[in-house]
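This report goes through one chain, beginning with a single residue and ending with the chain as a whole. The sequence and the model are shown below.

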Amino acid sequence: MTTYMIFGLNSANLAEARVCVESALGVGMELHESDFRCGEYYRFGSVNSEHFILQRNFDHEEGEWTRGEFSDFAMLLYVNDTPRGAQIESVLMSTARLLATQDL
């Protein structure tokens with residue numbers, strides 16, 4: 001079964017959140033930029049397979065939250081197209097800075 005999830009992270013900045021996610025998941029995320037993703041964001045994998053997107057939750061250009069239901073969290077981690085959702089959720093939720101999750 002393929003799973004799509006989103007996690008809220010309380011990190012001071014995007015680089016700190018990247019280190020936390022990379023350490024927890026054992027991946028190396030690459031820096032990208034997109035207005036759709038609130039400027040700079042990090043990505044691991046490709047859109048045709050399991051991939052993760054780490055971005056800010058507040059869009060300063062638009063003056064609004066990307067995901068209002070996660071407004072207590074500065075960063076968002078999208079886990080997309082993964083067959084190992086339960087495993088990823090377990091690893092991420094055991095990391096103190098990752099405090100919320102929602103299936104998409």
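H32 has a relative accessibility of 22%, so it counts as partly exposed. The classes are set as follows: buried is under 20% relative accessible area, exposed is over 50%, and partly exposed is in between, with a 1.4 Å probe and protein chains only. The model is predicted, so local features need pLDDT of at least 70 and side-chain atom pairs count only at pLDDT 80 or more, while totals for chains, interfaces and linings use all residues. Residues are numbered from 1 along each chain as its sequence is written, and side-chain values use heavy atoms, with hydrogens and water left out.

**Around H32**

H32 sits in strand β2. Strands (E, at least two residues) and helices (H or I, at least four) are DSSP runs, numbered from the N terminus. Leaving aside residues up to four places away in sequence, H32 touches G39, E40, Y41 and R43; contact means heavy atoms within 4.5 Å. The side chains of H32 and R43 are joined by a polar contact of 3.3 Å. A polar contact is a pair of N or O atoms within 3.5 Å; within protein, one must be able to donate a hydrogen and the other to accept it, and residues adjacent in sequence count only if both atoms are side-chain atoms. V21 lies 11 residues from H32 in sequence, and their C-alpha atoms are 16 Å apart.

**Strand β7**

Strand β7 covers residues 75-82, and seven of its eight residues are buried, so the rest of the structure largely encloses it. Two strands pair if DSSP finds at least two bridges between them. β7 has antiparallel pairings with β1 (residues 3-9), over six bridges, and with β4 (residues 51-56), also over six bridges. In the pairing with β1, F7 is opposite L77; Q55 has L76 of β7 as its bridge partner.

**Positive phi values**

Most residues other than glycine have a negative phi. The table lists three residues with positive values.

| Residue | Phi | Place |
|---|---|---|
| C38 | about 65° | loop between β2 (30-34) and β3 (39-45) |
| D81 | near 55° | strand β7 |
| G26 | near 65° | follows α1 |

C38 is also buried, because its relative accessibility is 14%.

**Helix α1**

Helix α1 (residues 14-25) has 12 residues and reaches 16 Å from its first C-alpha to its last, close to the expected 16 Å. The expected span is 1.5 Å times one less than the number of residues. At the N-terminal end, N13 caps the helix, with a side-chain oxygen 3.1 Å from the backbone nitrogen of A15.

Which residues of α1 are buried? They are L14, A17, C20, V21, E22 and L25. Their cover includes β1, β3, β4, β7 and α2 (85-93).

**The whole chain**

The chain has two helices and eight strands, in the order β-α-β-β-β-β-β-β-α-β from the N terminus. Its radius of gyration is 13 Å, which agrees with the value near 13 Å for a compact globule of 104 residues. That radius is taken over C-alpha atoms, and the globule rule is 2.2 Å times the number of residues to the power 0.38. Along its principal axes, the C-alpha trace spans about 35 × 25 × 25 Å.

Of the 104 residues, 42% are buried. Among contacts with a separation of 6 or more, 58% are between residues 24 or more positions apart.
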